[in-house]
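Welcome! Below are some short exercises, each with a worked solution to follow at your own pace. Please keep the structure open beside you as you read.

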Amino acid sequence: MTQVLLVTGPGGAGRSTIAGATALAAVRDGRRAVLLSAAYPFHGGPVPEGLHAPRLDSGAEFRSELAALQDRGAALIGMLGGRPLGAEELTELPGAEQFALLRALRRAARAPGADLVVVDMPPLHQALTTLALPAQLRRYLARLLPAERQAARALRPVLAQLAGVPMPAQWLYEAAARWDEELAAVQAVVEDAATAVRLVAEPGPAADAALRTAVLGLSLYELPVLDLVANRLVPRDSADPWLAGIAARQDAFLAGRDPDLPVVRAAHLGRDPQGPDDLELLAAAPGMAPAGAPGRPRWSVEDRLAADGVLVWAIPLPRARKGELDLIRRGDELVLAVGPHRRIAALPAALRRCTVSGAALDEGVLRVRFTPDPQQWPRAR
């Protein structure tokens with residue numbers, strides 16, 4: 001599959017510019033790249049040769065999707081006495097940008113002819129909620145419209161002929177099936193081994209707290225971080241004491257980084273980047289052309305039945321603190337909250353036949369202990 005690089009960072013850190021520089025650096029490195037960005041970092045200039053940068057128009061996509069939905073449900077709307085909305089009446093609703101971005105990501109990742117897709121994501125927290133949307137919505141659909149309820153589907157065409165219109169339940173299940181198929185395709189791209197995240201930050205105390213929370217959230221969704229772009233670095237040897245102070249704070253920030261996290265240094269241009277020429281300067285920074293995706297921080301099940309009589313679910317959560325963790329078992333799912341982030345994950349098959357017997361956070365790994373249920377593990381001792 002095509003490599004996908006999701007670029008995000010704290011608001012105002014210059015992530016859209018770095019996304020453009022990343023795509024340009026990949027092209028200069030001989031790769032075919034696609035850039036998905038609503039900000040369009042070329043500032044009206046021409047798109048460099050070898051780079052495909054389609055404009056994302058979430059308003060037009062929203063109107064197109066809603067019009068198609070109305071067409072499919074025209075008979076039902078008429079039966080209920082409703083009147084379809086005209087194209088001129090449709091205005092974009094909150095959240096349309098995220099859905100448009102995810103659809104564009106799915107199309108670009110599956111289309112032939114590209115080696116790398118660079119996605120200019122929203123700021124950190126919004127980026128995480130956007131990437132979590134496909135799996136969350138699929139879970140909602142499965143709970144609200146379970147597949148087993150379609151057992152009587154064979155009768156619905158007969159009822160539809162008698163009523164003269166498609167039956168509402170049939171239309172609803174068909175729509176849900178289409179949504180689930182599309183969401184599954186997007187989820188597959190997000191969870192693919194070729195997908196990673198590039199973080200962008202302007203070094204400083206505020207960025208440190210934001211990045212710690214971001215890395216936690218990314219780990220919660222098993223999304224690997226490729227590297228950190230330290231943006232707008234000022235010269236270290238400036239004679240200006242004000243600039244020297246900024247440089248010292250930036251160096252202190254970088255010195256405290258995780259040594260396993262590569263850092264790409266992007267110099268301050270002394271002005272706001274404008275157009276392809278400034279992007280060329282940023283693209284020339286060593287490491288700006290992304291390497292291959294790192295390994296994903298997978299959750300693994302450790303078999304300690306022989307030694308301790310338990311199975312352990314090991315969940316990497318780097319730099320997590322005990323006080324910001326919350327853990328609840330609900331049926332065959334685990335609800336895990338880390339700070340502002342929350343994920344509902346399905347238990348592996350073996351753990352569904354166990355009860356939770358404890359959990360501990362040690363060196364950035366949350367280990368949840370599961371004891372086999374004797375009624376479901378008849379041979380367990």
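**Exercise 1.** Find the residue that stands opposite Arg-343 of strand E12.

*Solution.* Step 1: the residue opposite Arg-343 in E12 is Leu-336. Step 2: look at the two strands around this pair; E11 (residues 333-338) and E12 pair in the antiparallel sense over six bridges. Strands are DSSP runs of E with at least two residues, helices are runs of H or I with at least four, and both are numbered from the N terminus. Two strands pair if DSSP finds at least two bridges between them. Step 3: follow the chain from one strand to the other, and you meet a hairpin with two residues between E11 and E12. In its turn, Gly-339 has a positive phi of about 60 degrees.

Before going on, note that this is a predicted model, in which local features need pLDDT of at least 70 and side-chain atom pairs count only at pLDDT 80 or more, while totals for chains, interfaces and linings use all residues. Residues are numbered from 1 along each chain as its sequence is written, and side-chain values use heavy atoms, with hydrogens and water left out.

**Exercise 2.** Work out which side chains of E12 point to the buried face.

*Solution.* Step 1: recall that buried means under 20% relative accessible area, exposed over 50%, and partly exposed in between (1.4 Å probe, protein chains only). Step 2: walk along E12, where the side chains alternate. His-341, Arg-343 and Ala-345 point to one face and are buried. Arg-342, Ile-344 and Ala-346 point to the other face and are not buried.

**Exercise 3.** Describe the second largest pocket and its lining.

*Solution.* Step 1: start with the terms. On a 1 Å grid over the protein atoms alone, a pocket is an open set of points with protein on both sides within 12 Å along at least five of seven lines; a cavity is a set where a 1.4 Å probe fits but cannot get out; lining residues have an atom within 4 Å of a point. Grid points are joined across faces, edges and corners, and a volume is the space filled by probe spheres set on the points. Step 2: the volume of the second largest pocket is about 550 Å³. Step 3: 22 residues line this pocket, and Ala-135, Gln-136, Arg-343, Ile-344 and Ala-345 lie nearest its centre. Step 4: helix H5 (124-144), helix H7 (168-190) and strand E12 (341-346) are the elements that give two or more residues to this lining. H5 gives the most, with six residues. Step 5: sorted by class, the lining has twelve nonpolar, two polar and eight charged residues. Here Ala, Val, Leu, Ile, Met, Phe, Trp, Tyr, Cys and Pro count as nonpolar, Asp, Glu, Lys and Arg as charged, and the others, Gly among them, as polar.

**Exercise 4.** Describe the largest cavity in the same way.

*Solution.* Step 1: the structure holds one cavity of 30 Å³ or more, and the volume of the largest cavity is about 40 Å³. Step 2: its lining includes Leu-6, Thr-8, Met-121 and Val-197. Step 3: strand E1 (3-8) and H5 each give two or more residues to this lining, and H5 gives the most, with four. Step 4: by class, this lining has eight nonpolar, one polar and no charged residues.

**Exercise 5.** Decide whether Val-190 is buried or exposed, and list its contacts.

*Solution.* Step 1: place Val-190 in helix H7. Step 2: its relative accessibility is 6%, so Val-190 counts as buried. Step 3: leaving aside neighbours within four places in sequence, Val-190 is in contact (heavy atoms within 4.5 Å) with Leu-131, Thr-195, Leu-223 and Arg-296.

**Exercise 6.** Compare the settings of Glu-222 and Glu-363.

*Solution.* Step 1: Glu-222 has a positive phi of about 55 degrees although it is not a glycine, and phi of Glu-363 is near 50 degrees. Step 2: Glu-222 sits in the loop between helix H8 (205-220) and E6, whereas Glu-363 sits in the loop between strand E13 (354-362) and strand E14 (365-372). Step 3: Glu-222 counts as buried at 12% relative accessibility, but Glu-363 counts as exposed at 76%.
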